[in-house]
Amino acid sequence: MIIVLGGSAKGGVGKTTTAASIAHLLRAKLVENDIRGQLKCIENFRVHSELEKLDVEYPTNKAELIKVLEKSTEDNCIVVDCGGYDSNLIRIALAAADLIIAPCKNSTLEHSSLLEFHSAIAEISTNITRQIDVHILRNRIHPLTTNFEDFEYISTEFEHFKLLNSIIRHRSDFEKAMEKGASVTELKKYKHEKSTKEIKALVAEIKVLINL
Ligand SMILES: Nc1ncnc2c1ncn2[C@@H]1O[C@H](COP(=O)(O)OP(=O)(O)OP(=O)(O)O)[C@@H](O)[C@H]1O
Ligand SMILES: [Mg+2]
């Protein structure tokens with residue numbers, strides 16, 4: 001199974017953080033597909049810690065990317081962290097994905113940036129003659145926010161968008177864990193925190209969506 005994190009051209013919506021969290025819980029290989037990607041940095045942070053070595057690959061061209069994606073099987077997940085821009089390598093990953101997740105913050109600018117992504121997805125769908133869906137993940141959402149009308153609007157009005165039930169709130173745990181190159185689910189201190197519960201709920205939802 002190939003899970004791709006992609007979407008918004010606006011930086012910092014949480015693609016890399018979410019990719020690393022999902023990969024940890026699914027024991028999946030991570031794949032860097034972002035020319036400005038930060039997985040190398042995360043990998044380096046972990047070198048002198050007690051954390052497991054990260055299973056990550058850095059394909060730099062089409063042949064290498066396809067070779068990595070071909071390692072995925074029904075039970076063997078690969079999580080691809082894509083940059084928020086359009087490129088051939090990103091389109092290859094999107095076309096190969098079993099599930100595409102687009103983290104998005106709650107702001108009009110983020111939503112309009114997602115609409116550019118929708119146009120690219122529509123084009124790829126036409127090219128490969130298969131409907132591709134993007135699952136929007138509400139991420140970095142203020143803990144008190146309960147109104148999601150904008151998200152509901154874009155996910156009903158735009159053919160290729162769906163809305164995940166899971167919501168990841170803005171929680172400093174994610175940033176603090178990432179300073180060590182870790183996902184919240186890897187560190188004991190966050191075991192009973194809401195951040196961990198939210199990521200676990202997201203992964204449970206993902207498992208249902210891709211029949212894992
Ligand atoms: N739910 C969250 N709550 C708080 N901080 C978060 C959350 N998700 C991500 N972050 C933090 O936001 C910052 C940006 O996240 P991240 O690097 O994952 O975004 P990105 O979409 O991969 O960005 P880029 O477009 O630059 O690749 C990081 O400091 C990360 O720790
Ligand atoms: Mg990133």
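**Ligand 1 and the pockets of the model**

Around ligand 1 there are 17 residues, and those that come nearest are Gly12, Lys15, Thr16, Thr17 and Arg171. The model examined here is a predicted one, and a good place to begin a tour of it is the set of contacts made by this ligand.

Two side chains take part in these contacts. In asparagine 139, an N or O atom of the side chain is 3.1 Å from a nitrogen atom of ligand 1. In arginine 140, an N or O atom of the side chain is 3.1 Å from an oxygen atom of ligand 1. Arginine 171 contributes through its backbone: a polar backbone atom of this residue is 3.0 Å from a nitrogen atom of the ligand. On its own, ligand 1 has 630 Å² of accessible area, and the protein covers 82% of it.

Which elements build the shell around the ligand? At least two residues each are supplied by helix H1 (15-26), strand S6 (134-141), strand S7 (161-169) and helix H7 (172-178). Helix H1 provides the largest share, three residues. Sorted by class, the shell holds eight polar, six charged and three nonpolar residues.

The next step is to look at the space that holds the ligand. Ligand 1 sits in the largest pocket, whose volume is about 670 Å³. This pocket is lined by 30 residues, and Gly12, Gly14, Thr16, Thr17 and Gln38 are the closest to its centre. Helix H2 (39-46) supplies at least two residues of this lining, as do H1, S6, S7 and H7. The largest share again belongs to a helix, with H1 giving five residues to the lining. By class, 13 residues of the lining are polar, nine are nonpolar and eight are charged.

A further pocket completes the picture. The second largest pocket has a volume of about 220 Å³. Its lining consists of 13 residues, of which Ala23, His24, Ala28, Glu52 and Asp55 are the closest to the centre. Which element gives the most to this lining? Helix H1 does, with three residues. The classes here are six charged, five nonpolar and two polar residues.

Helix H1 is thus a helpful landmark for a reader new to the model: H1 gives the largest share of the shell around ligand 1, the largest share of the lining of the largest pocket and the most to the lining of the second largest pocket.

Technical notes: Residues numbered from 1 in each chain as written. Chains lettered and ligands numbered in written order. Predicted model: local features only at pLDDT ≥ 70, side-chain atom pairs only at ≥ 80, totals over all residues. Heavy atoms only, no water. Near = heavy atom within 4 Å. Polar contact = N/O pair within 3.5 Å; in protein donor to acceptor, adjacent residues only side chain to side chain. Areas by Shrake-Rupley, 256 points an atom, 1.4 Å probe, with all protein chains shown as cover. 1 Å grid on protein atoms, 1.4 Å probe; cavity = no way out; pocket = protein on both sides within 12 Å on 5 of 7 lines; lining within 4 Å. Sits in = over half its atoms within 2 Å of the grid points. Helix = DSSP H or I, 4+ residues; strand = E, 2+ residues; numbered from the N terminus. Nonpolar A, V, L, I, M, F, W, Y, C, P; charged D, E, K, R; others polar. Points joined across faces, edges and corners; volume = space filled by probe spheres on them.
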